[in-house]
Amino acid sequence: MKVALLLALLAGPATRSSAATLDNSELKEQVRKTEAAFARTMADRDHAGFTSFLADETVFLGRTVQRGKAAVAAAWKPFYEGAKAPFSWAPERVEVLDSGTLGMTSGPVYDENGKRTGTFNSVWRREKDGQWRIVFDIGCPPCSPPAGP
C-alpha cells in the first residue's frame, strides 16, 4: 500500500500526465477554444461565465492591478452591464508549454463599433481539474505590424 501511494505521488497530478499525452498542437487548440469561450462571455453578457474562467489567484494588469478572482470579477462587472458589449477580443496567437501546464494567448481588442483599439495578452494555467483558467491578463495599444525588409 505504501509503495502504491509513493508511486502515485511521484507520478504527479493526473492532469499533467494526461496533458503530456497530448501533442503541442492539441494543447494549443484547447487554449484557443478556451480563450474564444472566455471572449464569448462578453458578447453573451455572461458575467458569471466570465468569472468561471478566472483562477483564484488571477492578476489583471491595467490602469490599476486587480489581484484575485473576486477583485477581477468585481472590476469587470460594469463591462457586463447593458445590452451591448463595450468591446470584444479574439485569440490570434496561441502558445503552450510542451508540459501542458501554461499557455499564452494574444490578439486584437475591438471597440463596440469593430475598430481595433488594442491588443490583449493572457496567460492560462491548466488547473488540477483539467480546466484552463486565466492567471495573468494585460492589454496594450495595438501592436504595429513588423517592418518589411
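Let's start at a turn: in the hairpin of strand 6 and strand 7, 5 residues sit between the strands, and G130 takes a positive phi near 90°. This is a predicted model, so treat each number here as computed from predicted coordinates. The two strands of that hairpin run antiparallel and share 8 bridges, with strand 7 covering residues 132-140. If you want a register to check on screen, look for T119, which stands opposite C140 in strand 7.

Strand 6 also has a partner on the other side of the sequence. Strand 5 (residues 102-111) and strand 6 (residues 116-126) are antiparallel too, joined by 9 bridges. They form a hairpin with 4 residues between them, and here G114 is the turn residue with a positive phi, about 90°. For the register of this pair, find G103, which stands opposite W124 in strand 6. Keep W124 in mind, since its ring comes back further on.

Now zoom out for a moment. The protein has 5 helices and 7 strands, and from the N terminus the order reads α-α-α-α-β-β-α-β-β-β-β-β. Of its 149 residues, 37% are buried. Among contacts with a separation of 6 or more, 49% are between residues 24 or more positions apart. The exposed surface comes to about 9,200 Å², and carbon and sulfur atoms supply 59% of that.

Next, the helices. Helix 3 has 20 residues and spans 29 Å from first to last C-alpha, close to the 28 Å expected at 1.5 Å a residue. Its buried residues are L27, V31, T34, E35, A37, F38, A39, T41 and M42, so a glutamate and two threonines are listed there by the under-20% cut-off for relative accessible area. After helix 3 comes R45, in the loop between helix 3 and helix 4. R45 has a positive phi of about 60° although it is not a glycine. Is R45 buried or exposed? R45 has a relative accessible area of 19%, and that counts as buried, with the cut-off being under 20%.

Past that loop, we reach the aromatic part of the story. There are 14 aromatic pairs in the model. Take F50 and F60: their ring centres are 6.4 Å apart with 80° between the planes, an edge-to-face pair. F50 belongs to helix 4 (residues 47-52) and F60 to strand 1 (residues 54-61), so this pair ties together parts 10 residues apart in sequence. Both rings belong to buried residues: F50 has 0% relative accessibility, and F60 has a relative accessible area of 3%.

F50 has a second partner in W76. Their ring centres lie 5.0 Å apart and the planes meet at 15°, so this pair is stacked. It links distant parts of the chain, with F50 in helix 4 and W76 in helix 5 (residues 69-76), 26 residues apart. W76 is buried, as is F50. Step back and you'll see that ring pairs link F38, F50, F53, F60, W76, F79, Y80, F87, W89 and W124 into a cluster. Here is W124 again, the residue across from G103, and F38, one of the buried residues of helix 3.

W76 leads us to helix 5, where V72, A73 and W76 are buried. Where do they sit around the helix? Looking down the axis, the buried residues fall within an arc of 100°, so they line one face. A70 and A74, on the other side of helix 5, are exposed. The buried residues pack against helix 3 (24-43), helix 4, strand 1, strand 2 (65-67) and strand 3 (87-89).

One last stop is E92, in the loop between strand 3 and strand 4 (93-96). E92 is exposed, with a relative accessible area of 51%. Which residues does E92 touch, leaving aside those up to four places away in sequence? They are R32, S106, G107 and P108. The C-alpha atoms of E92 and T119 are 9.8 Å apart, with their positions 27 residues apart along the chain. T119 is where we began, opposite C140 in strand 7.

Technical notes. Residues are numbered from 1 along each chain as its sequence is written. This is a predicted model: local features need pLDDT of at least 70, side-chain atom pairs count only at pLDDT 80 or more; totals for chains, interfaces and linings use all residues. Side-chain values use heavy atoms; hydrogens and water are left out. Rings of Phe, Tyr and Trp (its six-membered ring) pair if their centres lie within 6.5 Å; planes under 30 degrees apart count as stacked, over 60 as edge-to-face and the rest as tilted. Buried means under 20% relative accessible area, exposed over 50%, partly exposed in between (1.4 Å probe, protein chains only). The arc is that of the directions from the helix axis to the C-beta atoms. Contact means heavy atoms within 4.5 Å. Accessible areas come from the Shrake-Rupley method with a 1.4 Å probe; for residues, only the protein chains shown count as cover. The expected span of a helix is 1.5 Å times one less than its number of residues. Two strands pair if DSSP finds at least two bridges between them.
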